[in-house]
Amino acid sequence: MHRNHMLIPILFAIAILGILATSAWGGAQEIKARMAERLPVITELKQKGLVGENNMGLLEFVGAAKEKVAVVEAENKDRKIVYKAIAKKTGTTPELVGQRRARQIAENAGSGWWLQDESGQWKQKN
């Protein structure tokens, strides 16, 4: 696995920490820690082709087979909290933040990972 694929989510988590730290909400450290802890499991699910990144910046199962459902649900829950905090700080919507994040994720995705394009079609990255 290319080292950059692990680095991008960690850098994103660090960036959101700065935004969340300036807000009244105090759970940034906990979210950062949870996301970092889940990252190896999520990466494995992506490598197996079970989970992809949808066009809203969330994880989604791409087939009938499902593993580690609780991990995927917890990651999406934390991502939604982060997107909401970023949206509030930047004066936009959580949906727009998620869409922007989805584009970043797609650019840095590993080969073979499933990605949903803006029209809703799923494709594997070459």
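How are α3 and α4 oriented to each other, roughly parallel or roughly perpendicular? In this predicted model, helix α3, spanning residues 69-90, packs against helix α4, spanning residues 94-108, at an angle of about 115°. Angles of 65 to 115 degrees count as roughly perpendicular, and α3 and α4 are therefore roughly perpendicular to each other.

A look at the whole chain helps to place this pair. The chain contains 4 helices and 4 strands, and their order along the sequence is α-α-β-β-α-α-β-β. The chain has 126 residues, of which 38% count as buried. Among the contacts between residues at least 6 apart in sequence, 51% join residues that are at least 24 apart.

Two packed helices are described by the angle between their axes and by the distance between those axes. For α3 and α4, the axes are 8 Å apart, and the crossing is right-handed. On the α3 side, the meeting residues are R79, Y83, K84, I86 and A87, while α4 contributes P94, V97, G98, R101 and I105. Sorted by class, this contact holds 6 nonpolar residues, 1 polar residue and 3 charged residues.

Helix α3 also packs against helix α2, which covers residues 28-47. Here the angle is about 135° and the axes lie 10 Å apart, which makes α2 oblique to α3. The crossing of α2 and α3 is left-handed. From α2, the residues I31, R34, M35, R38, V41, I42 and L45 take part, and they meet V71, V72, A74, E75, D78, R79, I81 and V82 of α3. By class, the contact of α2 with α3 has 10 nonpolar and 5 charged residues, with no polar ones. One residue to look for in both packings is R79 of α3, which is listed among those meeting α4 and also among those meeting α2.

Three individual residues give a closer view of the model. Helix α2 also holds K46. Is K46 buried or exposed? Its relative accessibility is 7%, and because buried means under 20%, K46 counts as buried. The side chain of K46 makes a polar contact with the side chain of E53, at 2.6 Å. Beyond its neighbours within four places in sequence, K46 is in contact with V51, E53, L59 and W113.

The second residue, N55, sits in the loop between β1 (51-53) and β2 (59-61). With a relative accessibility of 18%, N55 also falls under the cut-off of 20%, so N55 counts as buried. A polar atom of the N55 side chain lies 3.0 Å from the backbone oxygen of D117. Apart from neighbours within four places in sequence, N55 is in contact with G98, Q99, A102, Q116, D117, E118 and G120. Of these partners, G98 is also one of the α4 residues that meet α3.

The third residue, Q124, belongs to strand β4, made up of residues 122-124. Its relative accessibility of 43% means that Q124 counts as partly exposed. Not counting residues up to four places away in sequence, Q124 touches G112, W113 and W114. Its side chain reaches the backbone oxygen of G112 at 2.8 Å. Q124 and W113 are 11 residues apart along the chain, and their C-alpha atoms are separated by 5.3 Å. W113 has already appeared as one of the contacts of K46, and W113 is touched by Q124 as well.

How values were computed:
Residues are numbered from 1 along each chain as its sequence is written. This is a predicted model: local features need pLDDT of at least 70, side-chain atom pairs count only at pLDDT 80 or more; totals for chains, interfaces and linings use all residues. Side-chain values use heavy atoms; hydrogens and water are left out. Helices (H or I, at least four residues) and strands (E, at least two) are DSSP runs, numbered from the N terminus. Buried means under 20% relative accessible area, exposed over 50%, partly exposed in between (1.4 Å probe, protein chains only). Contact means heavy atoms within 4.5 Å. A polar contact is a pair of N or O atoms within 3.5 Å; within protein, one must be able to donate a hydrogen and the other to accept it, and residues adjacent in sequence count only if both atoms are side-chain atoms. Axes are lines fitted to C-alpha atoms, for helices over the stretch in contact, and angles run from 0 to 180 degrees between N-to-C directions. Angles under 35 degrees count as roughly parallel, over 145 as roughly antiparallel, 65 to 115 as roughly perpendicular and the rest as oblique. A crossing is left-handed if the near helix is turned anticlockwise from the far one by less than a right angle, and right-handed if clockwise. Ala, Val, Leu, Ile, Met, Phe, Trp, Tyr, Cys and Pro count as nonpolar, Asp, Glu, Lys and Arg as charged, and the others, Gly among them, as polar.
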